[in-house]
Amino acid sequence: MRGSSPEVTMRIGELARRTGVSEHSLRYYEKQGLLTAERTAGGQREFAEAAVDRVIRIQELFAAGLCSAKIAQLLPCMHDGDRGPSRIAGAKLVADLRDERERIDRMIRDLLRSREVLDEVIAAATTR
């Protein structure tokens with residue numbers, strides 16, 4: 001038993017408010033196995049405090065272009081906010097993640113080139 005106080009939980013609306021993620025998305029994350037919730041006797045979802053960090057991490061991984069299946073593989077290999085144990089990523093997952101990183105690097109280079117072109121056009125337009 002961890003201390004004398006019970007673990008703090010929150011309902012789906014509170015988790016949505018704290019993370020800026022819609023309740024619909026949170027239910028999707030749960031369905032995909034990315035997020036877990038306990039159920040009350042009335043069937044309502046209750047999330048642990050650590051769910052806030054987990055949802056933020058999921059959002060970051062989606063923003064990086066990873067799909068939910070890849071995120072589901074990756075999350076157990078990452079430390080949660082409590083620095084709890086994590087599973088070691090297998091060679092296949094590491095290779096896939098390196099490919100994703102290379103894809104992101106290519107996107108960054110392309111965006112930088114696009115920004116340079118815009119800067120040139122802006123400079124040319126403002127010197128007239």
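In what order do the three strands of the open sheet stand, and is their pairing parallel or antiparallel? In this predicted model, the strands follow the order β1-β3-β2, and the pairing is antiparallel. The edges of the sheet are taken by β1 (9-11) and β2 (38-39), each of which has a single partner strand, so that one side of each is left without a neighbour in the sheet. Helix α1, made of residues 12-19, packs on the sheet and touches β1 and β3, its direction making about 95° with that of β1.

**Strand pairing**

Strands of a sheet pair through backbone hydrogen bonds, in either a parallel or an antiparallel arrangement. Here β3, which spans residues 45-48, pairs with β2 in the antiparallel sense, and β1 and β3 likewise pair in the antiparallel sense. The bridges of each pairing are set out below.

| Strand pair | Sense | Bridges |
|---|---|---|
| β2 and β3 | antiparallel | two bridges |
| β1 and β3 | antiparallel | three bridges |

Residues that face one another across these pairings can be named: arginine 39 stands opposite arginine 45 in β3, while arginine 11 stands opposite glutamate 46 in β3. Between the strands of the hairpin formed by β2 and β3 there are five residues, and in this hairpin glycine 43 takes a positive phi near 90°.

**Aromatic pairs**

The structure holds two aromatic pairs. One of them is formed by tyrosine 29 and phenylalanine 62, whose rings are stacked, with 5.8 Å from centre to centre and 25° between the planes. This pair links distant parts of the chain, since tyrosine 29 belongs to helix α2 (residues 23-31) and phenylalanine 62 to helix α3 (residues 51-63), the two residues being 33 residues apart.

How do the two partners stand with respect to burial, the cut-off for buried being under 20% relative accessible area? Tyrosine 29 has 4% relative accessibility and therefore counts as buried, whereas phenylalanine 62, at 26% relative accessibility, counts as partly exposed. Tyr28 also enters the picture, as Tyr28, Tyr29 and Phe62 form one aromatic cluster.

Definitions and conventions
Residues numbered from 1 in each chain as written. Predicted model: local features only at pLDDT ≥ 70, side-chain atom pairs only at ≥ 80, totals over all residues. Heavy atoms only, no water. Pairing = 2+ DSSP bridges. Helix = DSSP H or I, 4+ residues; strand = E, 2+ residues; numbered from the N terminus. Contact = heavy atoms within 4.5 Å. Axes fitted to C-alpha atoms, helices over the stretch in contact; angles between N-to-C directions. Phe/Tyr/Trp six-rings, centres within 6.5 Å; stacked < 30°, edge-to-face > 60°. Buried < 20%, exposed > 50% of the residue type's maximum accessible area, 1.4 Å probe, protein only.
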